Amino acid sequence: MRINDYFKNKYPFLTSYFESFFNSKKRFPQSIVFEGLDILSQYFFTLELASILNCEKDKTQNCDCTNCRWIKENKHPSIINVTPIDFKDDSSKTVISVKQTEKITSMIKESSDYHRFFIFSNAKTGTLDDFKLNKIKEFENLGYNLSKEEWYPYPLNKKILQEEASNSLLKSTEEAPDKVTFVFLSNTKEDIISTIVSRSLVFKMPALYEKNSIDVKNFFENYPNENILSSIEKAYELINFQSANNFDMLDILDSMQEYLFKMMKINFDNENLRNIINSDIKKIQKTKKQIIALVSPKYALESLFTDFSAEGRNLS
């Protein structure tokens, strides 16, 4: 039983678990929650699992059977993307609706020759920036494709998969028939209603930089109440820190995002702080795009840390 070496290198514990699971011949989990910042890896790892379960040949990494090929190309009927814009008949494009979940309940009553995967995410379409295009290319080199052009999966939250729709899924996730698996893609399991989580196996899928994080806590010493002068000083300290240690600036920004993500999980019940942190994670993402576009790191970081300051928040 194989899992692609790309995933084995990034997620040794996770791939070892599933490979031993496959070899044991036990029933595959009916509901899985993945959590972490790298939603694209969660998505394609799900396709990898689906291709193994539906493989018509020897289940090797380079299998070219019809099922493996179609699943990697995102054309297989066993892969159902459940998002605000996919798998729906109603006109709403802002949430996963009860109509969608009721349709799933009806579908799984019918038998299938395939092991079906219902993949829940907050997918959107639109022009993709260079950062996302580069991420996609990593997987295209392994033979994977997204479901359509300019389509991209984003993490679930309770505004997208609301309580009513979640509750209508409970019986299905708990008592799914054989060869049906629900997969929920998230930054953190706290973004999914607890009754779904309690019926699912939860797996952390850390981004590569999460396992090799650069220690950036000193740059958040007085966060989120740093004054503007101190914030700008920290921007200069960060530039010197990067130069002295020969770090890639994108790796530092990745570690800053992960540090804030962990802080958000710790303070999840503090809605005001949670919203500030979530906004700042997005600001770091914008700075990464600037760095990729060859904007001066000095200018990009000055702008970022100004926005981090208490005065900067009042101006934004």
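In this predicted model, strand 3 (residues 116-120) runs parallel to strand 6, and five bridges join the two. Within this pairing, I119 has V183 of strand 6 as its bridge partner. Strand 6 also pairs with strand 1 (residues 31-35), again in the parallel sense and over five bridges. Here V33 of strand 1 stands opposite F184 in strand 6.

Strand 6 covers residues 180-186, and seven of its seven residues are buried, so the strand is largely enclosed by the rest of the structure. The side chains fall into two sets: V180, F182, F184 and S186 point one way, while T181, V183 and L185 point the other way. Residues of both sets are buried. The two bridge partners named above, F184 and V183, thus belong to opposite sets.

The cysteines were examined next. A disulfide is a covalent bond between the sulfur atoms of two cysteines. The structure holds zero disulfides. C55 takes part in none, and the nearest cysteine sulfur, that of C63, lies 3.5 Å away; a disulfide is counted only for sulfur atoms within 2.5 Å, so this pair does not qualify. C55 is buried, with a relative accessible area of 10%.

C68 is likewise in no disulfide. Its nearest cysteine sulfur belongs to C65, at a distance of 3.5 Å, and because the cut-off is 2.5 Å, this pair is not counted either. C68 has a relative accessibility of 2% and therefore counts as buried, the limit being under 20%.

Technical notes
Residues are numbered from 1 along each chain as its sequence is written. This is a predicted model: local features need pLDDT of at least 70, side-chain atom pairs count only at pLDDT 80 or more; totals for chains, interfaces and linings use all residues. Side-chain values use heavy atoms; hydrogens and water are left out. Buried means under 20% relative accessible area, exposed over 50%, partly exposed in between (1.4 Å probe, protein chains only). Helices (H or I, at least four residues) and strands (E, at least two) are DSSP runs, numbered from the N terminus. Two strands pair if DSSP finds at least two bridges between them.
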